[in-house]
Amino acid sequence: MTSGFFVLVILSQALVVGGQIFLKHALNSTVDGSETSTWKRAAPFAYGLGLMTLWFFLWLELLSRVELSYLYPFDALGPLFMAFGASMMLKEKMTPRLWCGVLLIVVGLLIVGASQ
Amino acid sequence: MTPIQSPASVKGALPYWGVLCCALFVTASVVCLKKGVDNTQNLLNTLSWLEMPALVSGWVWAGILCFIISFVFWLKVLKVLPLNIAFNLVNIEHVFVPLASYLFLGEMISSMRAVGIGIVLLGVWVIAEAYCRIEERV
């Protein structure tokens, strides 16, 4: 695989994580019942949707180049990015158990990726 | 999963069904998309994104529909669960997708790949079980 392919894969993961963080941020401000205006909530939601849309078309492009079961394990990067992203941006707690699960998932996905 | 007894446990069960539905629709979505782009691969040029030839295929439209449905489930889940936990639980799709690739796309699953899938499943279980414990305390 070319380095361009990997750059695109990493970019797609970054888009997913960024998009999800915006979405969760939008939903959080809905849940806590504070006086956040609808527009203030709509903005992060729109950013989230925008990033997810970009990710979708990038992913469609990647999918046309390789086998699905080959491409999918690259999502292994996702849980790691998300662990850092969510704890930094959303102040979510990372318990040792959660790290344990994340690492298992990442290792599992990498093995799937390395397999023929 | 415990049987539904009280309003509290009903609320507790929702994320799991939501995650499961979300993962299943994502799986259906990617299988449809793969079938779609395979059918139109000869038309699909890296630089021709503005023309969107892939959108011609019915499979791609089915994939997009499934993706939207999964997104609705995802929003419901995300409202209840912290992002970190929801995002990792939905990794169960990494078990479903290779299985679906095998069943519907005729792609092979080697023994090494099966081991990787098993470890992912273990990781998802570790997180789901940890979340159950937090929930019990609350």
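**Exercise 1. Determine what share of chain B is buried, and describe the chain's fold in outline.**

Solution. Chain B has 138 residues, and 48% of them are buried. This value, like the others below, is computed from a predicted model. The next step is to list the secondary structure: chain B contains 5 helices and 0 strands. Taken in sequence order, these elements give the pattern α-α-α-α-α. The last step concerns contacts between residues at least 6 apart in the sequence of chain B: 68% of these join residues at least 24 apart.

**Exercise 2. Describe chain A by the pattern of its elements and by its share of buried residues.**

Solution. Chain A has 5 helices and 0 strands, and along the sequence they read α-α-α-α-α. Its length is 116 residues, of which 47% count as buried. For contacts in chain A with a separation of 6 or more, 73% come from residues 24 or more positions apart. One pair distant in sequence can be examined directly. Gly50(A) and Gly19(A) are 31 residues apart along the chain, yet their C-alpha atoms are separated by 7.5 Å. Gly50(A) belongs to helix α2 of chain A. Its relative accessible area is 34%, so Gly50(A) is partly exposed.

**Exercise 3. State how many residues each chain gives to the contact between chain A and chain B, and describe the buried area.**

Solution. Chain A gives 47 residues to the contact, and chain B gives 47 residues. The size of an interface is often expressed as the accessible area that is lost when the parts come together. Here the area buried between chain A and chain B is about 4,300 Å². Carbon and sulfur atoms give 74% of that area. A search for salt bridges across the interface of chain A and chain B finds 0.

**Exercise 4. Find the largest cavity and characterise its lining.**

Solution. Rolling a probe the size of a water molecule over the atoms reveals where empty space is left. The structure holds 4 cavities of 30 Å³ or more. The largest cavity contains about 360 Å³ of space. It is lined by 22 residues, and those closest to its centre are Val16(A), Gln20(A), Trp55(A), Val90(B) and Glu93(B).

The lining can then be assigned to elements. Those giving two or more residues are α1 (3-31), α2 (38-65) and α4 (77-89) in chain A, and α1 (7-39), α2 (58-80) and α4 (93-104) in chain B. The greatest contribution comes from α2(B), with 4 residues. Sorted by class, the lining comprises 14 nonpolar, 6 polar and 2 charged residues.

**Exercise 5. Decide whether Gln20(A) is buried or exposed, and list its contacts.**

Solution. Gln20(A) lies in helix α1 of chain A. Buried means under 20% relative accessible area. The relative accessibility of Gln20(A) is 6%, and therefore Gln20(A) counts as buried. With neighbours within four places in sequence set aside, Gln20(A) touches Met52(A) and Met82(A), and also Trp74(B), Leu78(B), Leu83(B) and Phe87(B).

**Exercise 6. Locate the salt bridge of the structure and explain how its partners are placed.**

Solution. Over all chains the count is 1 salt bridge. Arg65(A) forms it with Glu61(A), and their closest N and O atoms are 2.9 Å apart. Both residues belong to helix α2 of chain A; because they are 4 residues apart there, about one helical turn separates them. Their accessibility is the next step. Arg65(A) has 39% relative accessibility and so counts as partly exposed. Glu61(A), at 5% relative accessibility, counts as buried.

**Exercise 7. Contrast the settings of Lys91(A) and Ser29(B) by element and accessibility.**

Solution. Lys91(A) is placed in the loop between α4 and α5 (96-114) of chain A. Although Lys91(A) is not a glycine, it has a positive phi of about 55°. Exposed means over 50% relative accessible area, and Lys91(A), at 66% relative accessibility, therefore counts as exposed.

Ser29(B), by contrast, sits in helix α1 of chain B. Its relative accessible area is 1%, so Ser29(B) is buried. Apart from neighbours within four places in sequence, Ser29(B) is in contact with Gly63(B), Cys66(B) and Phe67(B).

How values were computed. Residues are numbered from 1 along each chain as its sequence is written. Chains are lettered from A and ligands numbered from 1 in the order in which they are written. This is a predicted model: local features need pLDDT of at least 70, side-chain atom pairs count only at pLDDT 80 or more; totals for chains, interfaces and linings use all residues. Side-chain values use heavy atoms; hydrogens and water are left out. On a 1 Å grid over the protein atoms alone, a cavity is a set of points where a 1.4 Å probe fits but cannot get out, and a pocket is an open set with protein on both sides within 12 Å along at least five of seven lines; lining residues have an atom within 4 Å of a point. Grid points are joined across faces, edges and corners, and a volume is the space filled by probe spheres set on the points. Ala, Val, Leu, Ile, Met, Phe, Trp, Tyr, Cys and Pro count as nonpolar, Asp, Glu, Lys and Arg as charged, and the others, Gly among them, as polar. Buried means under 20% relative accessible area, exposed over 50%, partly exposed in between (1.4 Å probe, protein chains only). Contact means heavy atoms within 4.5 Å. Buried area is the accessible area (1.4 Å probe) that two parts lose on being put together, summed over both. A salt bridge is a side-chain nitrogen of Lys or Arg within 4 Å of a carboxyl oxygen of Asp or Glu.
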